[in-house]
Amino acid sequence: MKCNLEAVEYIEKLKQTGKLTSRSLQKLILLGDARVNEKIVNAISLCKPEKVTVLTDSPKDAEYIRKLSLRNKEEHRLAISGHTVHFDGYFDQARDKNNTRYLLPEGMKRSSHLNATDRESGLKEIFGLFDGSMKGKEMLVMFFWLGPCGSEFSIPAMQITDSAYVAHSETILFRPGYEFFRKTRPEKFFFFLHSAGKLEDGKTAEIDKRRIYIDLHGDSVYTVNNQYAGNSVGLKKLGFRLAIKKAVEECWLAEHMFVMAVHGPNKRKTYFTGAFPSACGKTSTAMLPGQTIIGDDIAYIRKGKDGTAYAVNAEQGIFGIIQDVNKKDDPITHMALTTPKELIFSNVLVKDRKPYWIGMGEDIPESGTNFIGKWHMGMKGPDGKPVPFAHPNARYTLRIRELENADTEIENPDGVPVKGFIFGVRDPSTSVPVVQSLSWNHGVLLASSMESETTSATIGGGGNIDYNPMANLDFLPVSVGTYVDHYIKFGKELKNRPVIFSVNYFLKENGQYLNGMLDKKVWLLWMEGRVNGDFDAIETPIGFIPKYEDLSVLFKEHLGKDYTRDDYEKQFAIRVDMLLQKFSRIEKIFSNECVCPEFIHELVSQKARLQEAEKLYGTVMHSKQ
Ligand code: SPV
Ligand code: MN
């Protein structure tokens, strides 16, 4: 930490800029952190804002941000109290994978999946884009904490942005950190600098100059010319990448996972974490009726003193996909979206101050306002494509503690003990709805072999089957091989390893889904029973699958459904030929990676078991066999 004397010198420099009110200066004097002040001085000289406002954790400052979002017209009020709507630009509706790059020092090895650029020239380029980017605008300086306050899991973070919407989203999504900075002057913290860039009608004008650069070396992220939260909200997926690097170095897990309690018989509560690629059922699983939620997107998992894995949510809110949230399929979220609370909708359709989204189960107006501006049915966008009334990646932002299904342990600084890891894919053809791995290492193999249909959560995404290990490929700052080794090592250190499951809600036959949206509740309850020793299972070459009799009872009891043997046979057939093809693809990927012998052993054994099954049963194996 730089000494207080230096902090004072920077305060003098800040005073000289004439951009800070005495209240903002006072807040920085109280912090007394030279590095914080230095970052602000540098950001001012680079971005040249009109005004700089420093925010604390106070309700008054939270109110300031809410009002500023409305005053700047970055958000608009809706009919229900506390609800607002924000629109991102037409070409700024999802994560921009192409322009999200790691800045790597010269000579550092680059993994093939890493979109990376040379650090020095990358910084030069992005600082060039930041130059004057806040002219005429207000720069907001904020402090947060990734993880529960006062927890050993947690990471302090500082955000500078010129977007009141980004600032507002972060006050909902992350725990406040000013007081923490003031009391502890943390040795290290993550730093995020964002500018929406030049605006036209409130939207980023130079979208072709959108850049999102992650400086692993400096624990910093620079993101410019964008507004969509996946690109702009530094603490979310951008900070997540920095957290993964830290986790790999310190032997804990930073995961693209929900954290939830599954409520079993006799009031038994069992904690699970679950990783799913974006828009593949992660949030809707965590929001299932009868269960309680801790987090829906980013989990930090560490070994506790008793050798058990403990998890916390890095966030305190949800930035969830709104498509298909309706009373029938997602009743808890639907209730949350239709009752008063602080809530930001993004990229939905608005008519008469009411939001509309795809799959909401209501009649949609013929016109209104959406992410193109004034919208009417049948209209085409600047790219000549029909403009949907709402974007498939339209979202909502809210605080978990305001939900009726919030778990009691959300703020527990020690985290919750995790008994199961769930890995989910959007796979129409190959994977069974639920399977338990044969061991931790086999579970790591299943998780690192995930293949899933891409979705609108990324620009240009939708419909291709992509390799996505641990649902985390987009966010990995290290090679897949390094990540797999890290998992194996983490498991070795645990005394009580979570049981690893794989799920697939999207299996199809003749183009039709084989399962209903709420069937996932049965898979979840089966996994809960399994980790607690309630159910037997059938061993297959890819792991343990449920017995028909157990599922049939669970379907009846929890969904009031008659689950037939025919349903079961179709869903739980082991597609040996498809699996063999899949593991050949996986083998190819790992032939280019440096991985530990334990993992190679799992891969070789997996293939051998499938080859054996093919000899005995042919292309498809049924449970009766
Ligand atoms: C995801 O796409 O996985 C999200 C939203 O959770 S974003 O912030 O865009 O990453
Ligand atoms: Mn996510």
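Colleague: What is the area buried between domain 2 and domain 3, and what share of it do carbon and sulfur atoms give?

Modeller: A buried area adds up what both partners lose in accessible surface when they are put together, and in this predicted model the area buried between domain 2 and domain 3 comes to about 880 Å², with carbon and sulfur atoms giving 65% of it. On the side of domain 2, Met287, Ser456 and Met517 supply 50% of the area buried against domain 3, which is more than any other three residues supply.

Colleague: Where do these domains run along the chain, and how far apart are the C-alpha centres of domain 2 and domain 3?

Modeller: Domain 2 is made of two segments, 253-317 and 407-573, whereas domain 3 covers 320-397, and the C-alpha centres of the two lie 28 Å apart. Domain 1 is likewise written as two segments, 4-75 and 87-250.

Colleague: How many residues of each domain are in contact across this interface, and how many salt bridges are counted there?

Modeller: Ten residues of domain 2 are in contact with 13 residues of domain 3, while the count of salt bridges between the two domains is zero. The search for residue pairs in polar contact, with both residues at pLDDT 80 or more, also returns zero across this interface. By class, the side of domain 2 that touches domain 3 holds seven nonpolar residues, three polar ones and no charged ones.

Colleague: Turning to the ligand, which residues are around ligand 1, and which side chains have an N or O atom at a listed distance from one of its oxygen atoms?

Modeller: The residues around ligand 1 include Tyr228, Gly230, Lys236, His256, Ser278, Phe319, Arg395 and Ala457. An N or O atom in the side chain of Arg95 is 3.1 Å from an oxygen atom of ligand 1, and for the side chain of Asp297 the corresponding distance is 3.2 Å. A polar side-chain atom of Lys237 lies 2.7 Å from an oxygen atom of ligand 1.

Colleague: How much of the accessible area of ligand 1 does the protein cover?

Modeller: On its own, ligand 1 has 280 Å² of accessible area, and the protein covers 97% of that.

Notes
Residues numbered from 1 in each chain as written. Chains lettered and ligands numbered in written order. Predicted model: local features only at pLDDT ≥ 70, side-chain atom pairs only at ≥ 80, totals over all residues. Heavy atoms only, no water. Domains from an automatic or database assignment. Contact = heavy atoms within 4.5 Å. Buried area = accessible area lost by both parts, 1.4 Å probe. Salt bridge = Lys/Arg side-chain N within 4 Å of Asp/Glu carboxyl O. Polar contact = N/O pair within 3.5 Å; in protein donor to acceptor, adjacent residues only side chain to side chain. Nonpolar A, V, L, I, M, F, W, Y, C, P; charged D, E, K, R; others polar. Near = heavy atom within 4 Å. Areas by Shrake-Rupley, 256 points an atom, 1.4 Å probe, with all protein chains shown as cover.
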